[in-house]
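This report goes through one protein chain and the ligands modelled with it. Please keep the sequence and the structure in view while reading.

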Amino acid sequence: MSFATRDGREWTPEYLVSINNKKCIGCGRCFKVCGRDVMTLKGINEEGELVDLDNDEDDEIEKKIMVLNDQGACIGCGACARVCPADCQTHVSAAAKAA
Ligand code: SF4
Ligand code: SF4
């Protein structure tokens, strides 16, 4: 499979496939630059469980982290990787996936 920009230059998408929840600082920068709703911000409670930030329960949020919400919607633009200050994302080349 080959990919191209509008005028036909070679372009290889780099899809976001995982976010390291130990390294992520929940800054939200990746979320802001992504136009595809691939990620969503969640909370980690005292028990270390993943919880919604707008939950009605009394879950004490210890930390916020970004998680994958709709991985299949990623177009591999790489914008999230460029803005992440914590080097916690893993991207996979479309060329590697197609091989
Ligand atoms: S590579 Fe682009 S489309 Fe995919 S998650 Fe990052 S910003 Fe969104
Ligand atoms: S930019 Fe990096 S550190 Fe910030 S929320 Fe996204 S994955 Fe986490």
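The sections below cover the overall architecture, the sheet, the surroundings of the ligands and a few individual residues.

## Overall architecture

The model is predicted. Its protein chain has three helices and five strands. Read from the N terminus, these elements follow the order β-α-β-β-β-α-β-α.

Along the principal axes, the C-alpha atoms of the protein chain occupy a box of roughly 55 × 20 × 20 Å. The chain has 99 residues, of which 29% are classed as buried.

## The open sheet

Three of the strands make up an open sheet with the order 3-2-4 and antiparallel pairing. Strand 3 (50–51) and strand 4 (61–68) are its edge strands, each of them paired on one side only. In general, the strands of a sheet are held in register by pairing through backbone hydrogen bonds, parallel or antiparallel.Strand 2 spans residues 39–45 and is joined to strand 3 in the antiparallel sense by two bridges. In this pairing, Gly43 lies opposite Val51 of strand 3. Strand 2 and strand 3 also form a hairpin, with four residues between the two strands. Gly48, in the turn of this hairpin, has a positive phi of about 80°.

With strand 4, strand 2 shares seven bridges, and the two strands again run antiparallel. Here Ile44 is the residue that stands opposite Lys63 in strand 4.

## Surroundings of ligand 1

The space that ligand 1 takes up is the largest cavity. Strand 1 (14–19) and helix 2 (79–83) are the elements that contribute two or more residues to the shell around this ligand.

The shell around ligand 1 holds 13 residues, and the nearest of them are Cys34, Cys74, Cys77, Gly78 and Cys80. By class, nine residues of this shell are nonpolar, two are polar and two are charged.

## Surroundings of ligand 2

Ligand 2 takes up the space of the second largest cavity. It is surrounded by 13 residues, with Cys24, Cys27, Gly28, Cys30 and Cys84 the closest.

The shell around ligand 2 consists of 10 nonpolar and three polar residues. No charged residue belongs to the shell of ligand 2, whereas the shell of ligand 1 includes two.

## Loop residues with positive phi

Two aspartates have a positive phi without being glycine. Asp37 has a phi of about 55° and lies in the loop between helix 1 (29–33) and strand 2. Asp37 counts as exposed because its relative accessibility is 52%, and the cut-off for this class is over 50%.

For Asp87, phi is near 50°. This residue belongs to the loop between helix 2 and strand 5. With a relative accessible area of 59%, Asp87 is exposed.

## Glu47 and Ser93

Is Glu47 buried or exposed? Its relative accessibility is 58%, so Glu47 counts as exposed. Glu47 sits in the loop that links strand 2 and strand 3. Glu47 and Gly26 are 21 residues apart along the chain, and their C-alpha atoms are separated by 18 Å.

Ser93 is part of strand 5, which covers residues 89–93. The relative accessible area of Ser93 is 18%. Ser93 is therefore buried, as the class requires a value under 20%. The side chain of Ser93 reaches the backbone nitrogen of Ala95, at 3.1 Å.

Key: Residues are numbered from 1 along each chain as its sequence is written. Chains are lettered from A and ligands numbered from 1 in the order in which they are written. This is a predicted model: local features need pLDDT of at least 70, side-chain atom pairs count only at pLDDT 80 or more; totals for chains, interfaces and linings use all residues. Side-chain values use heavy atoms; hydrogens and water are left out. A residue is near a molecule or strand if one of its heavy atoms lies within 4 Å of it. On a 1 Å grid over the protein atoms alone, a cavity is a set of points where a 1.4 Å probe fits but cannot get out, and a pocket is an open set with protein on both sides within 12 Å along at least five of seven lines; lining residues have an atom within 4 Å of a point. A molecule sits in a cavity or pocket if more than half of its atoms lie within 2 Å of its grid points. Ala, Val, Leu, Ile, Met, Phe, Trp, Tyr, Cys and Pro count as nonpolar, Asp, Glu, Lys and Arg as charged, and the others, Gly among them, as polar. Two strands pair if DSSP finds at least two bridges between them. Buried means under 20% relative accessible area, exposed over 50%, partly exposed in between (1.4 Å probe, protein chains only). A polar contact is a pair of N or O atoms within 3.5 Å; within protein, one must be able to donate a hydrogen and the other to accept it, and residues adjacent in sequence count only if both atoms are side-chain atoms.
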